[in-house]
Amino acid sequence: MSVLVVAEHVQGRVRDVTYELISAARSLGGPVTVAVIAADPSGLDVAREGVDEVVHVRTAGAEFENDVYQAALEALLEERRPDAVLLGFTVNGMGYGPAVAAKLGLGFASDVFSVARDGDAIVATRAFYGQKAHGEVEFPAGRPVLLLLRPTVWPAAGPGGPPAVTELELAPTVSRARHLEFREAAKGDVDITTADFLLSIGRGIGEKENIPMFEELAGKLGATLAVSRPIVDAGWMPSARQVGQSGKTVKPKVYLAFGISGAVQHLAGMKTSETIIAVNTDPEAAIFDVAHYGAVADLFDVAEELAKLV
Ligand SMILES: Cc1cc2nc3c(=O)[nH]c(=O)nc-3n(C[C@H](O)[C@H](O)[C@H](O)COP(=O)(O)OP(=O)(O)OC[C@H]3O[C@@H](n4cnc5c(N)ncnc54)[C@H](O)[C@@H]3O)c2cc1C
């Protein structure tokens with residue numbers, strides 16, 4: 001089963017989701033081809049374990065543009081005719097993947113968090129109804145399938161290679177949109193998606209006046225402060241700190257949750273964290289279903305004891 005992965009990159013750096021897509025592609029049996037669509041494709045390293053071929057598609061602009069990627073992927077599909085195409089379920093992937101699938105009549109599913117083969121068919125598992133239900137979508141063999149895979153679910157493929165590299169010449173695309181510039185996030189915002197240790201607080205902290213205490217504790221522990229949605233909805237912290245379905249997806253080494261019940265929308269953003277520690281007074285709280293370690297305790301008592309240790 002031939003699989004085509006489209007690499008994602010930004011400002012000259014390959015995004016981790018690319019390596020995760022390669023792992024997912026390998027699990028389908030291969031051969032695996034990775035397309036690098038960029039102004040300088042050779043500057044982007046996608047030589048990972050299990051990659052058989054890399055196709056360089058040279059573009060005029062350095063950064064991502066929907067219609068350039070759409071035209072490139074359509075040409076790649078025409079030329080390579082893979083059985084499956086894997087893109088990230090990311091802003092970029094969502095920008096052109098569905099359009100290609102609709103135009104070419106491909107099988108399609110988004111927010112996929114598991115893929116498997118059943119003979120020559122592909123079975124994708126995805127979430128429905130705001131993560132409340134999971135469903136399997138089976139694609140019989142015969143027409144190509146385009147899947148948008150959820151980031152952080154698959155492990156990143158390790159270094160490998162070197163794979164065969166080929167160049168694909170494309171007629172220039174006249175883009176209807178133009179990338180103008182990157183803007184840094186507003187000062188004071190942090191990127192919770194790259195932190196190794198998140199101290200995450202939820203409605204259980206009670207009131208806004210308690211937030212400085214947890215900011216201080218996070219600082220002492222060397223953690224980054226994250227929050228559940230009610231804290232953002234109340235205007236107590238910026239949305240850049242929110243974990244979950246309508247917030248950020250995170251996968252830190254340690255996720256320490258204080259006073260978070262574990263609603264499906266919250267779990268969607270953190271349940272693949274390496275180690276989850278939950279503190280909650282309610283022994284039935286759903287967060288304990290995903291936690292590796294848990295304390296049925298008052299979070300203020302635990303915070304006080306932790307502060308004494310550091
Ligand atoms: C479309 C949609 C998208 C959403 N997206 C997100 C999202 O991205 N992120 C998100 O977080 N939510 C999201 N939500 C909201 C989600 O459904 C929950 O309402 C939310 O996650 C609950 O946040 P919480 O766990 O902080 O609060 P609660 O559910 O109110 O839980 C508070 C917990 O604190 C515990 N507690 C109280 N006091 C203490 C104490 N002193 N010590 C210890 N424990 C204590 C309680 O037992 C309780 O379990 C979304 C909802 C919808 C419909």
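## Exercises: a ligand, its pocket and two cavities

The ligand sits in the second largest pocket. Keep in mind that this is a predicted model. Let's work through the site first, then move on to the enclosed spaces.

### Exercise 1: The pocket

Describe the second largest pocket by its volume, its lining and the elements that contribute to the lining.

*Solution.*
- Step 1. Start with the space itself: the volume of the second largest pocket is about 290 Å³.
- Step 2. Next, look at the walls. The lining has 19 residues, and those nearest the pocket's centre are Ser228, Arg229, Pro230, Ala263 and His266.
- Step 3. Map the lining onto secondary structure: helix 5 and helix 6 are the elements that give two or more residues.
- Step 4. Finally, sort the lining by class, which yields 13 polar, four nonpolar and two charged residues.

### Exercise 2: The shell and contacts of the ligand

Find the residues that come nearest to the ligand, then list polar contacts that it makes with Val243, Ser261 and Leu299.

*Solution.*
- Step 1. Around the ligand there are 24 residues, and the nearest are Ser228, Ser246, Ser261, Gln265 and Asn280.
- Step 2. Assign elements. At least two shell residues come from each of helix 5 (229-233) and helix 6 (264-267).
- Step 3. Sort the shell by class: 14 residues are polar, six are nonpolar and four are charged.
- Step 4. Check distances against the 3.5 Å cut-off for a polar contact. An oxygen atom of the ligand lies 2.6 Å from an N or O atom in the Ser261 side chain. Backbone contacts also appear: a ligand nitrogen is 2.8 Å from a polar backbone atom of Val243, and a ligand nitrogen is 2.9 Å from a polar backbone atom of Leu299.
- Step 5. Turn to surface area. The ligand exposes 980 Å² when taken alone, and the protein buries 73% of this area.

### Exercise 3: The largest cavity

How many cavities of 30 Å³ or more does a search of the whole structure find, and what lines the largest cavity?

*Solution.*
- Step 1. The search finds two cavities of 30 Å³ or more.
- Step 2. The volume of the largest cavity is about 50 Å³.
- Step 3. Its lining consists of Val6, Ala7, Glu8, Phe64, Tyr69, Leu87, Gly88, Asn92, Gly93 and Tyr96.
- Step 4. Strand 6 (84-88) and helix 3 (91-104) are the elements that give two or more residues to this lining. Helix 3 gives the most, with three residues.
- Step 5. By class, the lining of the largest cavity has six nonpolar residues, three polar and one charged.

### Exercise 4: The second largest cavity

Repeat the analysis for the second largest cavity, from volume to lining.

*Solution.*
- Step 1. The second largest cavity has about 40 Å³ of volume.
- Step 2. Residues lining this cavity include His9, Ile37, Ala38, Thr59 and Gly61. Phe64 and Tyr69 are among the lining residues here, and both also line the largest cavity.
- Step 3. Strand 4 (32-38) and helix 2 (66-80) each supply at least two residues of the lining.
- Step 4. The classes come out as six nonpolar, three polar and two charged residues.

Notes:
Residues numbered from 1 in each chain as written. Predicted model: local features only at pLDDT ≥ 70, side-chain atom pairs only at ≥ 80, totals over all residues. Heavy atoms only, no water. Near = heavy atom within 4 Å. Polar contact = N/O pair within 3.5 Å; in protein donor to acceptor, adjacent residues only side chain to side chain. Areas by Shrake-Rupley, 256 points an atom, 1.4 Å probe, with all protein chains shown as cover. 1 Å grid on protein atoms, 1.4 Å probe; cavity = no way out; pocket = protein on both sides within 12 Å on 5 of 7 lines; lining within 4 Å. Sits in = over half its atoms within 2 Å of the grid points. Helix = DSSP H or I, 4+ residues; strand = E, 2+ residues; numbered from the N terminus. Nonpolar A, V, L, I, M, F, W, Y, C, P; charged D, E, K, R; others polar. Points joined across faces, edges and corners; volume = space filled by probe spheres on them.
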